[in-house]
Amino acid sequence: MKYAIVTSSLTGNTRAVGQAITEALGDDVIFCGKPDAAALEADVIFAGFWTDKGSCSKELADFLAGCGGRKIALFGTAGFGGDPAYFETLLNSVRNQLPQDAEYLGGWMCQGRMPASVRTRYAAAVESNPADEHMKSMLENFDRALAHPDESDFAAAQAFARSIQSAL
């Protein structure tokens with residue numbers, strides 16, 4: 001089997017996870033990069049996304065639309081992590097971008113760092129309304145996300161890739 005690792009990455013989190021997956025799959029990877037028609041030469045495409053308003057970027061959605069008849073595994077990063085149900089919702093949203101004749105092999109996600117501007121916005125909201133528990137939790141989540149993706153996330157992404165590889 002030949003693999004392509006396609007990533008749409010705004011802050012570098014998803015690209016880093018894609019690199020870990022590339023390392024796990026080794027010499028069988030024939031493409032690693034941004035969405036490109038060259039990836040369609042692979043038997044299996046691992047498509048990685050950053051979370052953009054509850055789904056993937058338009059760039060990746062456009063690429064996935066052209067993946068009819070292909071085997072696709074999804075992976076992604078989201079600033080709001082730690083909730084498997086939330087991750088599953090995101091994966092399903094991106095899965096809905098696939099053509100009907102694409103074969104979905106599974107998905108995996110982890111938390112990822114967010115831009116500093118997001119923390120600035122959250123901190124300003126907490127400062128202006130110290131009783132806002134929701135915004136306080138958003139700020140706490142931002143601080144937790146700073147460490148991700150971490151080595152355990154990379155190891156989990158590699159285990160996910162290897163499980164897809166061994167199932168084929």
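These are my notebook entries on a predicted model.

**Entry: helix α1**

I began with α1, residues 13–25. At 1.5 Å a residue, its 13 residues should span 18 Å. I found the end C-alpha atoms 19 Å apart, which agrees. Next I asked which residues of α1 are buried. They are N13, T14, V17, G18, A20, I21, T22, A24 and L25. What do they pack against? I listed five strands, β1, β2, β3, β4 and β5, and the helix α6. Just after α1 I noted G26, with a positive phi of about 60°.

**Entry: the nonpolar cores**

I then looked up the largest nonpolar core, which has 25 residues. Those with the most contacts inside this core are I45, F49, L60, F63, L64, I72 and L74. Which elements give two or more residues to it? I wrote down β1, β3, α2, β4, α3 and β5. Apart from this core lies another, of 18 residues. V29, F46, F154 and A157 are among them. As background, nonpolar side chains tend to be buried together in soluble globular proteins.

I picked I45 for a closer look. I left aside its neighbours within four places in sequence. The contacts of I45 then include A4, V6, L40, F63 and I72.

**Entry: strand β4 and its partners**

Is β4 enclosed or open? Seven of its eight residues are buried, so β4 is largely enclosed by the rest of the structure. I followed its pairing on to β3. Seven bridges join β3 to β4, and the two run parallel. F46 stands opposite A73 in β4. From β3 the chain crosses through α2 to β4, and this β-α-β crossover is right-handed.

With β5, β4 also pairs in the parallel sense, over eight bridges. There A78 has Q111 in β5 as its bridge partner. The chain goes from β4 through α3 to β5, in a right-handed β-α-β crossover.

**Entry: aromatic pairs**

How many aromatic pairs does the structure hold? I counted three. F46 and F160 make an edge-to-face pair, 6.1 Å centre to centre, with 90° between the planes. F46 lies in strand β3 and F160 in helix α6, so the pair ties together parts that are 114 residues apart in sequence. Both F46 and F160 are buried. Y3 joins F46 and F160 in one aromatic cluster.

Y86 and F87 form a tilted pair, 6.4 Å centre to centre, with 35° between the planes. Are these two buried or exposed? Y86 counts as partly exposed, at 27% relative accessibility. F87 counts as buried, at 11%.

Technical notes: Residues numbered from 1 in each chain as written. Predicted model: local features only at pLDDT ≥ 70, side-chain atom pairs only at ≥ 80, totals over all residues. Heavy atoms only, no water. Helix = DSSP H or I, 4+ residues; strand = E, 2+ residues; numbered from the N terminus. Expected span 1.5 Å × (residues − 1). Buried < 20%, exposed > 50% of the residue type's maximum accessible area, 1.4 Å probe, protein only. Contact = heavy atoms within 4.5 Å. Core = buried A, V, L, I, M, F, W, Y, C linked by side-chain atoms within 4.5 Å. Pairing = 2+ DSSP bridges. Right-handed = clockwise from strand over helix to strand, strands pointing away. Phe/Tyr/Trp six-rings, centres within 6.5 Å; stacked < 30°, edge-to-face > 60°.
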